[in-house]
Amino acid sequence: MEVPPPMVSGSEPEFVDEEWLSKRVEDILSLYRTSDTMAFRLPPTAFVRCSRGGKTRALKEIAKRLKSIVHASVIFVSFNESSDISSWEQVDPLGALCRRIAFAARRNRKANYDSDFAKADVKPEQIVEWLGRDPRILLVDEMNNCNSLLEKSIPSTNLAEFLKKNFLSKEDQYLVFSSHIVSTVGQLSSYMDSGSSRPIAIHELPLIRNVTNAIKIFRWPELNAGKALFYGLVPALIHIARLEELRKTQHLSFQKVEEAIDVCVKDGLVTDKSVRYLLANFVDGEKRKVMKPLHQFMNTAEEEKLRWIPIYMTKVLDSLEFSAPSLDENIRVALRRIVKLFNEFTTVEKLSGKAWESLFLLVVIIRVVSGKFDEVILPLDLSMDYFISFNQFIHSDKKPLESIVDIDEFVGCFTEPDRYPHVAIYQPTNASFPLFDLIIAVYGKTGSRKLYAYQLKEGKEIPKHNTSLVMTEFEVCVLVRGQPSQGETRSKEQWIIPSKSEIAAFFGESGKHWTPEEWNKLMIGQTFEKGEEP
């Protein structure tokens, strides 16, 4: 059987490097030459990355490379792009797959899927007959678009059984697919073998690890660490962002985000509790309590944890605020501020102290609203459900607040909040304000107040001022360094200086990858990470 390889655009920059591509093809061929037995269940290979994360391009590159190496039918089909699965096809995903296999094998290369194949009645038996006993490798792009795989049913079982029998049961047969959610991977595996799950060889697509080289690859001189992090270090998203800047038009559609939010609202998934779980995910990475329709907008990390991609999550949080009017006003205020801080983080020309302050404040807000406090940097009462405010309960009759440079005078302007318990966050705006970049007044249920103060340093510096008299007024004074040391220390001026591990723990599963130490790595690291398995 002669099946032409898929077309790969020559106008786009590479999204995967040669080393990664060669290694993944080598892995696939090794499994392709292995038989499925009772003792060894042959694992299919799955490639995962977020929505619009470059999975289609990567799978096409792999198919093209396989075609040049192995004497077999390399069949690439897609539930995306021009052959996106239609709503009416969802009731019969096996039929949808068979139509796409027939389309991939068509002799008339000018044939159009929508006009010539979309309504064709292609039976599984016809595909089996066409396959015969010939060696074959099937690559299915965006398997996650088969909604039936979200739960076990006759259609999902039929699809899984067909794939197992015809692409995994014998030597010289193999199955590769892509998905933007790991849950699709696990579900497909469980449907193939009753009583036990077939293993899956899961690979993440590589991320950008060197901004200097990425500037050359994407021909984007203005690209910096902040922009790269905002796009999740995903090469495909960075490429789309570059096209938007060049052509002054929007290429990254947020339609899927809006559709996912609509599903969440329609199904009653959006509640105060579920939004708090979503915010907590920034810290702990746990996916099980995050609304499933939103998984596709995050990166899958080690141990199946989820990491935020700011370009998507800012839109998610923004949409949640406007689409769910029943959300508590305290949460809505926090969502607005988080989105604003994300945008501040990415719009600075060069990552600096300002970006570091924005990131720290962003994490503070997330932890306060989600109740994810820690013992070192934000040691608040875990039993409290705090209200939150920003530069709100403060007033000065004598002079403008922005002109105040005295700590006692500034704190003296704080006024009582209107609700308890309460976390009131204050950012002095005068550039000459000493010692502290952030002051937090924490009020208990009865109105008792504790003050927490923070200084943010992008590097390793430790303040040399004699601050012992001032700091006695504060419950905690924390020096948050972007390049911390390994061990916890306390300076003679009574600063609490968190260690490297404590900083990482505070910023959490997502935020720990965006600290100044990580910014520097982005400037000197290799172009692509190795794409280790989660």
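Okay, quick definition before anything else: when I say helix, I mean a DSSP run of H or I with at least four residues. I need that for a glycine I'll get to in a minute. And keep in mind that what you're looking at is a predicted model.

So, the whole thing. The protein has 19 helices and 14 strands. Along the principal axes, the C-alpha atoms fill a box of roughly 85 × 50 × 45 Å. The radius of gyration is 27 Å, and since a compact globule of 534 residues would come out near 24 Å, the two agree.

On packing, 56% of the 534 residues are buried. If you take contacts between residues at least 6 apart in sequence, 69% of them join residues at least 24 apart. The accessible surface is about 23,700 Å², with 49% of that belonging to carbon and sulfur atoms. For the electrostatics people: 69 positive side chains, 73 negative ones, and the centres of the two sets lie 3 Å apart.

Now let's zoom in on α12, residues 272-284. From first C-alpha to last, its 13 residues reach 18 Å, close to the 18 Å you'd expect at 1.5 Å a residue. Which of its residues are buried? Ser274 and Val275, then Leu278, Leu279, Ala280, Asn281, Phe282 and Val283.

And what covers those buried residues? Among the helices there are α13 (310-323), α14 (329-347), α15 (353-370) and α18 (500-511). Strands β6 (298-300) and β7 (306-308) are part of the cover too.

Here's that glycine, then: just after α12, glycine 285 takes a positive phi, about 75°. That's my tour, happy to take questions.

Key:
Residues numbered from 1 in each chain as written. Predicted model: local features only at pLDDT ≥ 70, side-chain atom pairs only at ≥ 80, totals over all residues. Heavy atoms only, no water. Helix = DSSP H or I, 4+ residues; strand = E, 2+ residues; numbered from the N terminus. Rg over C-alpha atoms; globule rule 2.2 N^0.38 Å. Buried < 20%, exposed > 50% of the residue type's maximum accessible area, 1.4 Å probe, protein only. Contact = heavy atoms within 4.5 Å. Areas by Shrake-Rupley, 256 points an atom, 1.4 Å probe, with all protein chains shown as cover. Lys, Arg positive; Asp, Glu negative; His and termini not counted. Charge placed at Lys NZ, Arg CZ, Asp CG, Glu CD. Expected span 1.5 Å × (residues − 1).
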